[in-house]
Amino acid sequence: MYLDGIPYPGSSSKAPKDTRWDEHGAAPLVKSAERTVRILETLAESHDHLTLSELQQRTGFPRSSLHALMRTLVELNWVETDSARSAFGIGPHALLTGTAYLDKDPALPFAQDCLEDLRDEIGQTVHFARRDGAHVLYLATRESREADHIIPRVGRRLPAHVTALGQVLLAQLTDDEVEALLPAPLTALTEHTITDLTKLTGELDQVRTRGWSYEREQGTPGVACVAVAVDYRIPATDAISCSMPAALAPADVEQITEAIIKHTRKLAATLRREGIR
């Protein structure tokens with residue numbers, strides 16, 4: 001039997017040879033397609049080009065199938081090579097797909113307007129991001145006009161537990177859901193990153209109580225962040241945050257927090273009024 005043209009567990013119909021069931025046994029994964037996606041994600045996460053050996057080490061895929069997939073991805077411009085064709089990185093067609101995602105997101109134009117207004121009011125760098133499993137994906141950023149240098153954020157993905165954005169969105173879930181979602185052990189980006197699950201769930205409980213999250217140097221040394229969830233979905237998937245110097249006075253942090261709450265509530269109301277879900 002087939003579901004949307006795909007056989008499901010217990011079916012008498014045979015799945016294609018290149019198919020394996022996911023960890024829940026509920027939906028089929030085509031092995032070559034899954035490997036292609038994992039390769040692209042691995043290249044995207046690396047700051048440098050990776051050799052075939054490094055890709056094999058990071059993905060665990062057989063060298064023969066990895067070589068064939070890389071040749072195809074290079075030919076289709078999803079992956080590019082260095083001048084010696086010995087190392088690989090993300091290609092231009094990956095950018096086309098990412099840009100299309102941003103162009104077609106109905107919430108993003110409203111979020112960008114919100115960021116503009118918020119940045120003008122508080123003068124700090126502000127972000128709009130969405131939870132992507134155990135990570136947060138940055139969809140829009142407005143840098144402080146006084147920033148010494150611009151750090152590209154759009155398209156960047158960070159572990160949810162190390163960011164204020166991620167923590168405020170993880171707080172939308174139950175403790176059991178958080179435990180099932182996050183990897184073990186938790187990755188540390190700085191010496192201040194929370195890597196103990198019990199401590200993290202305690203922090204998330206405080207976030208639920210006060211309605212906003214605050215982290216100081218957990219993701220980046222010298223930087224603190226406040227974040228508020230955009231409540232137009234249940235549970236909320238999006239949030240807005242402000243990055244600020246970690247040494248900023250408590251009174252200034254409080255003023256920034258109040259501004260983020262005000263603008264985020266206004267954005268959520270707008271998105272609900274527009275029927276965006």
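Here is a short chat about one sheet and the helices lying across it.

Me: What kind of model is this, and how are residues numbered?
Reply: The model is predicted, so local features need pLDDT of at least 70, side-chain atom pairs count only at pLDDT 80 or more, and totals for chains, interfaces and linings use all residues. Residues are numbered from 1 along each chain as its sequence is written, and side-chain values use heavy atoms, without hydrogens and water.

Me: What makes β8 and β13 a pair?
Reply: Strands (E, at least two residues) are DSSP runs, numbered from the N terminus. Two of them pair if DSSP finds at least two bridges between them. β8 (residues 125-132) and β13 (residues 238-245) have six, in the antiparallel sense, so they pair under that rule. Within this pairing, His-127 has Ser-241 in β13 as its bridge partner.

Me: Why are β10 and β11 called edge strands?
Reply: The open sheet runs in the order β10-β9-β8-β13-β12-β11, with antiparallel pairing. β10 (157-159) and β11 (213-216) each have a single partner strand, so one side of each lacks a neighbour in the sheet.

Me: Which residues of α5 are called buried?
Reply: Buried means under 20% relative accessible area (1.4 Å probe, protein chains only). In α5, that describes Leu-108, Ala-111, Cys-114, Leu-115, Leu-118, Arg-119 and Ile-122.

Me: Why are they said to be on the same side of α5?
Reply: The arc is taken from the directions from the helix axis to the C-beta atoms. Theirs covers only 130 degrees, which puts them on the same side of α5.

Note on methods
Helix = DSSP H or I, 4+ residues; strand = E, 2+ residues; numbered from the N terminus. Buried < 20%, exposed > 50% of the residue type's maximum accessible area, 1.4 Å probe, protein only.
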